[in-house]
Every structure is written in structure tokens, then in C-alpha cells.
Amino acid sequence: MKVMAIGSITKPLSPEQRQQVMPREVPATLKHYLDGKIEQFWFRQDAPGVIFLMNVESVEQAKTTIEELPLVTGGYAKYDFMQVGPLAPLGLLIQSK
Amino acid sequence: MKTSFAVLFAALMVCLLIGVSAQAQTANQPANPSVPTTRILAIGTINAGADMAAARAILPTEVRETVKLYLDGKIDQWFSLQGRPGVVFILNVTDTAAAHEMLEQLPLGQAHLMSFELIPLGPLNPLRQLQGMTSKSP
């Protein structure tokens, strides 16, 4: 199933904290992409944070995967999760009369 | 009097030099590069208290207009929300105001039955910090 994960920074990082956390956060995130769990990723331009489109077995798996990342375990970020699927109303275009 | 003036002048010069060299240092360091806005995430939900029957009646027209936006290249990806009525679009639009205008023109928007939360998106800037990106070796 597909899950959108919307991440926002809740506690801004000092330059020192950034030096500590980001060298672990970015490779960990990239690993999830290479494993196929994160299908697409973007940077937010409205506020510090990220958006991931995830390919997972359940919303719980999405949460477990993301909440293991250093920014979450360090208390710097929180994520909202939304399960998404195919745009169902497109089915109206092929309804038999 | 002359001595204290000289001391003051020297102190002033020292301050200026420190100021100038500090500025030179920060000028030599590149400002944190950012990323361009390349897409907009649009999360559409039915407004609280909306007349669901009215929404259902409008839906066929909504679908046609949404497909037109897709065929015009404005909608890059589209999804339904699971568990509640709503949609997620990845728009091929980079201006949030223009995206808002465009989505408000859709039938459900015009009927004030649906609203969109818009989040501008860009490439994942932190990839720049990966060890392999800063490697000096060819």
C-alpha cells in the first residue's frame, strides 16, 4: 500500500546538533529508498521538513520505519501519515450506462 | 590628550580589522544552497458540514475537469485518500497562488465543498550532505 509521510521539524537543530544528526539521518533515509520502502521523496519549501511517498505493508509499518530515523528518535521531527490509493473517482469515466 | 586619542584610534582600527576579516571569512563560505520549488503537494478534503449528496452529484463533472488538468500537464500524480473522502495531487505547478486559483476553479471548489492544503515541494536538499557528494576523489 502507499502511505504519504509528512514530516516537520518540531525542535530546530543547532549547528552542532545538525552535525551530529544529519550524517546519520540522510544515509538512513536513502537506505529506505534503496530498499523500496520510500518510493519518492521531496523537501518541503513551506517549513523545514520532508514528504515521503512510501510503499509499505501497513500504516504501522510506515510509522515504525520512519520513527526509527534519528530526527524522530532525537525529538526534532514528527510525521503525519496518510494512506493513499488509486484515484477511485476515475472509475466514473468507465461506468457502463 | 594625544596619547588617549591614539589609543582610541588604534582600538577603532583593531575593531574594524576584526569586523572586516570576519566578514571576509563568511563571504568566502558559500551560503547554504537551497533547492528550487519543483512541485506542489495538494491535499484536498471535503469541508466540514458539506452536503455529501451535493458533492456526489457534482463528482462526474469534477472528474472530467480534473482529468483535463492532468491532460494539460498540471497534475503530475493523483491519489484518493483512504479512510476518508479526499484526494492528494502532486501538481506540476511551482506557484502556490496559481495552484490555489486553479483548484478553486474545479467544480467542488466552486461549490465550496472541497478545500486544498498546499505544500510547495523541491528536491531533497540534504542529499547534498552525503559523504559521496563531498568526496574530493574523482
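I started at Ile46(B) and found it opposite Met114(B) in β4(B). This is a predicted model, so I am reading positions in a prediction.

Next I followed the strands that this pair belongs to. Strand β1 of chain B and strand β4 (residues 114–122) of chain B pair in the antiparallel sense, and I noted eight bridges. β1(B), residues 39–46, also pairs with β3(B), again antiparallel, over six bridges. Along that seam I looked up Ala42(B), and Phe89(B) in β3(B) stands opposite.

Then I turned to β2(B). Strand β2, residues 75–81 of chain B, runs antiparallel to β3(B), with five bridges between the two. Here Ser80(B) faces Val87(B) in β3(B) as its opposite residue. I checked the link as well: β2(B) and β3(B) make a hairpin with four residues in between, and Gly83(B) in the turn has a positive phi of about 95°.

Why is β3(B) largely enclosed by the rest of the structure? Of the six residues in this strand (86–91), five are buried, meaning 20 or more other C-beta atoms lie within 10 Å of their own, so the strand is largely enclosed.

Stepping back, I traced the barrel. Eight strands close it in the order β1(A)-β3(A)-β2(A)-β4(B)-β1(B)-β3(B)-β2(B)-β4(A), with antiparallel pairing. From one strand to the next, the twist averages 35°.

My last entry is a helix. Helix α3 of chain B, residues 96–104, lies across β1, β3 and β4 of chain B, and I noted that α3 runs at about 150° to β4(B).

Conventions: Residues numbered from 1 in each chain as written. Chains lettered and ligands numbered in written order. Predicted model: local features only at pLDDT ≥ 70, side-chain atom pairs only at ≥ 80, totals over all residues. Buried ≥ 20, exposed ≤ 12 C-beta atoms within 10 Å, placed from the backbone. Pairing = 2+ DSSP bridges. Axes fitted to C-alpha atoms, helices over the stretch in contact; angles between N-to-C directions. Contact = placed C-beta atoms within 7 Å.
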